[in-house]
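Hello,

Here is the structure I promised to pass on to you. Have a look at it first, and then read my notes below.

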Protein chains: 2
Amino acid sequence: MNHPQEAPVRQRRKEARPAELLAAALDHFVERGFAATRLEDVAAQAGVSKGTLYLYFGSKETLFKAVIEQGILPVMAQGEAMLAQHDGDARSLLQGLLLRWWELIGATRLGGIVKLMISEAGNFPDVAQYYYEHVIVRGRNLLRQTLERGIATGEFRDLDIESAIDVIFAPMLMLAIWRHSLAPCGCGKQDPETYLRTHLDLLLNGLENK
Amino acid sequence: MNHPQEAPVRQRRKEARPAELLAAALDHFVERGFAATRLEDVAAQAGVSKGTLYLYFGSKETLFKAVIEQGILPVMAQGEAMLAQHDGDARSLLQGLLLRWWELIGATRLGGIVKLMISEAGNFPDVAQYYYEHVIVRGRNLLRQTLERGIATGEFRDLDIESAIDVIFAPMLMLAIWRHSLAPCGCGKQDPETYLRTHLDLLLNGLENK
DNA sequence: ACCATTACTGACTGACCAGTCAGTAATGTA
DNA sequence: TACATTACTGACTGGTCAGTCAGTAATGGT
C-alpha cells in the first residue's frame, strides 16, 4: 500500500523510444515470428503502451522492415572496411572475415535476423528483395574478392567461385540460425568455438593448393 | 449456364483425405509459417471444406505435428539402410549419403520441413524436441559412423567429429532452406548441382589425410 | 425403392489483436 | 503559478480466423 518514491509513472523520452522498440521487436519477431508477435507485448517490453509504438512506427509491417534495415545496415560497412585495409595473405583474410562476422553478428542478437528473414521471406517479398540486395549481395562480394585474391596468388585451388561463396558461408549461417531455433529448446549443441575451428580447419585444407 | 456432366459435387474419399490434407498443409506452413496459414486455405487446396479438415485433425497444432512427423519419418529408415549395406570406402559413402539426402529430401517438398521446423521451433518446443530426437540425432548418427569409419581406415584426418558432423551438413541444410525462403522471391541462385559438386570437392579435399 | 449410416458442408461464434483516438500528464516557458 | 505544447496512454472498434455443429447428400444394404 505504500509507494516509496517510485520513478514517475510516465516518462517522456522521445529520443530513446525508437531504438528500444526496435530492440524489443527484434526479440519477439525472432522468437515467435511476425504473425505470432503481439505489438502490445513488444510495447510492454520496451516500457511503453501500444499507442506509443504507433507514434513511431506506422504499422506492424513498417516496424518489421525497420527491424531488418536498422539491424543490419550499420554492420555491413565494417566488413568492407576490413577487406580494404587488409594486406596479409588470403588465408588469414578469409579467416578474419568469418570470425569477425561471428563476433559482430552471429554471436549477437543480430544473428536472429538471419532466421527471421528466412522465416518471413515468403510473406514479405519486398523486404526479402531489399535484404538480398543490401546484405547478401554485399556480403558475397567480400567473400568473392577474398577468394579471387587467394586464387590469383596461388594460395587457393581454382574452383567455382560463386558456389564456393555460398558453401563457405553456409556453416556460419546455420550456426547463427541454430542459436535462435532448436538450441533454446534444450536440443544439445557444443560450443561455437569448436564448431568454428573445425569449419576453418576443413575449409582451409579444402582450399589449399597442394 | 450449362452443366456438362461435372464430377459429383461432393466426393467421399475417407482414405485419401489425410494424405491430401497433409500435403496441402505442408505447402502452406512452409510458405507462410504456422500462424499466417489459414486452415480454410489448406482445406480448399485439398479440395474439402474446413469442417472436413477437423474430421481428420483435431486442431491446427495437431495438423502441424502430423505434417512434421508424417513427412520425415518414412525417409529416415532409408539412410540407415544405406549405411548398413555399404561396403566401399568412407569417401564414397559420405558422398553417397549427402547426394541421396538431397535427392530424397532436399530437392523435394520435404526440404521445406527444415525451414518450417527452424521457423516454428520457438512456438512448439515439444515438436522441436521430437524432431531433434527422431530426425537430427538419427541423421547425425549416420554421419558420425561414416566419419569414424574414414578416420579408422586412415582415409580422413583425425578431427573433432561432433562439430565436423554439423559443419559438413550445414551447406546441405542451407541449400534446402534457400529454396523455400529467398529463392522464390527472385533472389538469384545458381543450380544445386554446381553447389553440391563444390561442397563435395571442398569437403573431401579438406578431410583427406595427406 | 426405402432406409441407415456416415463423410462432408458451411454458416456461425467467440477470442484475439492490429490499429485508432479522445483524454491525461509531463515538460518548457513566461 | 498559469498556460501551451506534446509525449504518452488505454479503452474501444472492426476484421480475421480457429473451432463447432446442425444439416446435407453420397453410399451401401435390404
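**Contacts with the DNA**

In DNA strand D, a phosphate oxygen sits 2.6 Å from an N or O atom in the side chain of A:T52. Please keep in mind that this is a predicted model.

A:T52 is among the closest of the 21 residues that surround DNA strand D, along with A:R13, A:Y56, B:R10 and B:R38. For B:R10, a polar side-chain atom comes to 2.5 Å from a base oxygen of that strand. With A:R10 the partner is a sugar or linking oxygen of DNA strand D, 3.2 Å from an N or O atom of the side chain. Of the strand D atoms within 4 Å of the protein, 61% are from sugar or phosphate, and bases make up the rest.

Which elements supply the surface near DNA strand D with at least two residues each? They are α3 (50–56) of chain A and α3 (50–56) of chain B. The most comes from α3(A), which gives four residues. By class, this surface near DNA strand D has ten charged, six polar and five nonpolar residues.

Now to the other strand. DNA strand C is surrounded by 21 residues, and the closest are A:R10, A:R38, B:R13, B:T52 and B:Y56. Sugar and phosphate make up 61% of the strand C atoms that come within 4 Å of the protein. For B:Y56, an N or O atom of the side chain is 2.3 Å from a phosphate oxygen of DNA strand C. A:Y54 also has a side-chain N or O atom by a phosphate oxygen of strand C, at 2.8 Å. A:K50 faces a base oxygen of DNA strand C instead, with 2.8 Å between that oxygen and an N or O atom of its side chain.

Here α3 of chain A and α3 of chain B are the elements that give two or more residues to the surface near DNA strand C. The largest share, four residues, belongs to α3(B). The surface near DNA strand C divides into ten charged, six polar and five nonpolar residues.

**Cysteines**

How many disulfides does a search of the whole structure find? Zero, over all chains. A:C185 is in none, and the nearest cysteine sulfur, that of A:C187, is 5.6 Å away. In chain B, C185 is likewise in no disulfide, with the sulfur of B:C187 as the nearest cysteine sulfur at 5.6 Å. A:C185 counts as buried, at 15% relative accessibility. B:C185 is buried as well, with a relative accessible area of 16%.

Happy looking, and best wishes

Note on methods: Residues numbered from 1 in each chain as written. Chains lettered and ligands numbered in written order. Predicted model: local features only at pLDDT ≥ 70, side-chain atom pairs only at ≥ 80, totals over all residues. Heavy atoms only, no water. Disulfide = S-S within 2.5 Å. Buried < 20%, exposed > 50% of the residue type's maximum accessible area, 1.4 Å probe, protein only. Near = heavy atom within 4 Å. Polar contact = N/O pair within 3.5 Å; in protein donor to acceptor, adjacent residues only side chain to side chain. Nonpolar A, V, L, I, M, F, W, Y, C, P; charged D, E, K, R; others polar.
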